[in-house]
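Work through the following exercises with the sequence and the 3D structure at hand, trying each task before you read its solution.

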Amino acid sequence: MRVVVYPGSFDPVTYGHVDVIRRARRITEKLIVAVAKSPAKETAFSAEERLDMVREATRGLDGVEVNLFDGLLVEYARQVGAEGIIRGLRALSDFEYEFQMALTNRKLYEPIETIFLMTSESYSYLSSSLIKEIARLGADISSFVPPAACRKMKERFGK
Ligand code: COA
C-alpha cells in the first residue's frame with residue numbers, strides 16, 4: 001500500500017503502539033500516525049502533548065508522519081489519500097470493539113480497508129489507562145513507554 005493511517009488517542013503513546021508502527025511500516029510506503037484531537041474518552045494529555053510524544057517516539061523512522069485529526073476518521077483518511085486504516089490487536093477482548101469500528105468505517109467509506117496487526121506478545125498486556133494508573137501510584141513506567149512519554153508522565157504525576 002502507498003498510504004495508510006494508524007489512528008488512536010495515544011494518551012500516552014506506549015511501546016505497544018511503537019511496535020505496531022514499526023510493523024505497519026513494512027506494508028506501506030507512508031504511514032500517517034493520526035492522533036485524535038478530541039477522542040470520545042477524556043484524556044490526561046492535551047492533543048498537542050500527545051502529538052509531541054508520538055513525534056518524539058517515532059523520530060528517525062523513515063516514512064512515518066504524525067498529525068492531529070479531528071472529526072470522522074474516514075473523512076481524514078479520504079483527505080490524505082489513505083488506502084487503509086491500521087489497528088493493533090492485543091487480545092480477544094479487543095476484537096468486538098475493533099470489529100464494530102472497522103465495519104462502521106467501511107459503511108461510511110467503502111474504499112477504505114482496515115488492517116489488523118498483532119502486537120508483539122511482550123506488549124500485549126499494555127494499555128494507556130493501566131500505565132497512567134500505575135504512574136499515579138509511583139511505579140517506574142520506563143519499560144512501558146518511550147522516554148518522551150515517561151518524562152511527560154513524571155511532570156504530570158510528579159513521581
Ligand atoms: N499497545 C498498547 N496499547 C494499545 C495498543 C497497543 N498495541 N493498541 C491499543 N492500545 C490501547 C490504547 O492504549 C488504549 O488504551 P486505553 O483505553 O487504556 O486508553 C486502547 O487500547 C485503545 O486506544 P487507541 O488504540 O488509541 O484507540 P482509541 O479507541 O482510543 O481511538 C479512535 C479510537 C480515535 C481511532 C476512534 O475513536 C476514531 O476513529 N475517532 C474519530 C471519530 C470517528 O470517526 N468515529 C467513528 C469510528 S467508527
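**Exercise 1: two helices that meet**

The axes of α2 and α6 cross at roughly 145° and come within 8 Å of each other, where axes are lines fitted to C-alpha atoms, for helices over the stretch in contact, and angles run from 0 to 180 degrees between N-to-C directions. Find which residues of α2 and α6 make the contact.

Solution. On the side of α2 the contact is made by Glu-49, Met-53 and Glu-56, and on the side of α6 by Ala-148, Ala-149, Arg-151, Lys-152 and Arg-156, contact meaning heavy atoms within 4.5 Å. Sorted by class, this contact has five charged, three nonpolar and no polar residues.

The model is a predicted one, in which local features need pLDDT of at least 70 and side-chain atom pairs count only at pLDDT 80 or more, while totals for chains, interfaces and linings use all residues. Residues are numbered from 1 along each chain as its sequence is written, and side-chain values use heavy atoms, leaving out hydrogens and water.

**Exercise 2: the span of α2**

Check the span of helix α2 (residues 47-58) against its 12 residues.

Solution. At 1.5 Å a residue, the helix should span 16 Å, and its end C-alpha atoms are 17 Å apart, which agrees. After α2 comes Gly-60, whose phi is positive, near 90°.

**Exercise 3: Asp-19**

Decide whether Asp-19 is buried or exposed.

Solution. Asp-19 lies in helix α1. Its relative accessibility is 10%, so Asp-19 counts as buried, the limits being under 20% relative accessible area for buried and over 50% for exposed, with a 1.4 Å probe and protein chains only. Leaving out residues up to four places away in sequence, Asp-19 touches Thr-119, Ser-120 and Tyr-123.

Methods
Helices (H or I, at least four residues) and strands (E, at least two) are DSSP runs, numbered from the N terminus. The expected span of a helix is 1.5 Å times one less than its number of residues. Ala, Val, Leu, Ile, Met, Phe, Trp, Tyr, Cys and Pro count as nonpolar, Asp, Glu, Lys and Arg as charged, and the others, Gly among them, as polar.
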